[in-house]
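Subject: Structure handover

Hello,

Here is the structure for you to look through. My notes on what was found follow below it.

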Amino acid sequence: MTKVPHLTTAGFSRMAPGTRIKPHQGWVTTVYRAHLGLVVPEDCALRVGDETRQWREGKTFVFDDTVTHEAWNYGSSDRVVLLFDFARPGYEDMPQDELPVTLAGFVRRGG
C-alpha cells in the first residue's frame, strides 16, 4: 500500500505573457513543491538549480523550493499551473523551520 504524502498548501499560479520571476529560493525545508501544468503556451519554463524544464499541460514536476529557481513566460498568453506543496518523507523528524527575519515583520502573531 502506498502512503499518500501530506498536502500542506495548494493554489493556482497565473503568469502573464512577457513575465519573468527573478531567481529566488524558498525557506521551508520540510516540503517539496509540485507544479501541474493546466494552461501552458509555448516558451514557458522553470529553472531549478542547473536544470531547466518546460511546463506541459497535464504533466507534473516536483522540485525542492529551497534550491534557487526562476520562471518565465515569454509566450503570447497566460500560463496557469496548479501549485501544491507536500511534506517530505521523514518531515516529522526534521527541525521546525524558522520564519526568516525578512518575513517576520509581515506576520502578526496572536497572544
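Which residues does His-24 touch, not counting residues up to four places away in sequence? The model you are looking at is a predicted one, and in it His-24 touches Val-67, Thr-68 and His-69. His-24 itself is found in strand 2. Along the chain, His-24 and Thr-68 are 44 residues apart, yet a distance of 5.2 Å separates their C-alpha atoms. With a relative accessibility of 35%, His-24 counts as partly exposed, because that class runs between the 20% limit for buried and the 50% limit for exposed.

The chain as a whole

The chain has eight strands and one helix. In sequence order the pattern is β-β-β-β-β-β-β-β-α, with the helix at the end of the pattern. There are 111 residues, and 31% of them count as buried. The accessible surface comes to about 7,700 Å²; carbon and sulfur atoms hold 55% of that surface. If you take the contacts with a separation of 6 or more, 76% of them are between residues 24 or more positions apart. The pair His-24 and Thr-68 is 44 residues apart, and the two are in contact.

The largest pocket

The largest pocket has about 160 Å³ of space. It is lined by 14 residues, and those closest to its centre are Ile-21, His-24, His-35, His-69 and Leu-83. So that you can find the lining on the model, these are the elements that give two or more residues to it: strand 2 (19-24), strand 3 (31-39), strand 7 (69-73) and strand 8 (79-87). Strand 7 gives the most, with three residues. Sorted by class, the lining has six nonpolar, four polar and four charged residues. His-24 from the opening question is thus among the residues closest to the pocket centre, and so is His-69, one of the residues that His-24 touches.

The largest nonpolar core

In soluble globular proteins, nonpolar side chains tend to be buried together. The largest nonpolar core here has 10 residues: Met-15, Val-40, Cys-44, Leu-46, Val-48, Trp-55, Phe-61, Phe-63, Ala-71 and Val-81. Two elements, strand 4 (44-48) and strand 6 (60-63), give two or more residues to this core. Strand 4 gives the most, with three.

Trp-55 is a useful core residue to select in the viewer. Leaving aside neighbours within four places in sequence, Trp-55 is in contact with His-35, Val-40, Cys-44, Ala-45, Leu-46, Phe-61, Ala-71, Trp-72, Arg-79 and Val-81. Among these contacts, His-35 is also one of the residues closest to the centre of the largest pocket.

Two other residues

Gly-11 has its place in strand 1 (residues 7-15). At 24% relative accessibility, Gly-11 counts as partly exposed. Not counting residues up to four places away in sequence, Gly-11 touches Val-81, Leu-82 and Leu-83. From Gly-11 to His-35 there are 24 residues in sequence and 9.9 Å in space, C-alpha to C-alpha.

Asp-43 is found in the loop between strand 3 and strand 4. Phi of Asp-43 is near 65°, which is a positive value in a residue other than glycine. Is Asp-43 buried or partly exposed? With a relative accessible area of 40%, Asp-43 is partly exposed.

Regards

Technical notes: Residues are numbered from 1 along each chain as its sequence is written. This is a predicted model: local features need pLDDT of at least 70, side-chain atom pairs count only at pLDDT 80 or more; totals for chains, interfaces and linings use all residues. Side-chain values use heavy atoms; hydrogens and water are left out. Helices (H or I, at least four residues) and strands (E, at least two) are DSSP runs, numbered from the N terminus. Buried means under 20% relative accessible area, exposed over 50%, partly exposed in between (1.4 Å probe, protein chains only). Contact means heavy atoms within 4.5 Å. Accessible areas come from the Shrake-Rupley method with a 1.4 Å probe; for residues, only the protein chains shown count as cover. On a 1 Å grid over the protein atoms alone, a cavity is a set of points where a 1.4 Å probe fits but cannot get out, and a pocket is an open set with protein on both sides within 12 Å along at least five of seven lines; lining residues have an atom within 4 Å of a point. Grid points are joined across faces, edges and corners, and a volume is the space filled by probe spheres set on the points. Ala, Val, Leu, Ile, Met, Phe, Trp, Tyr, Cys and Pro count as nonpolar, Asp, Glu, Lys and Arg as charged, and the others, Gly among them, as polar. A nonpolar core is a set of buried Ala, Val, Leu, Ile, Met, Phe, Trp, Tyr and Cys residues joined through side-chain atoms within 4.5 Å.
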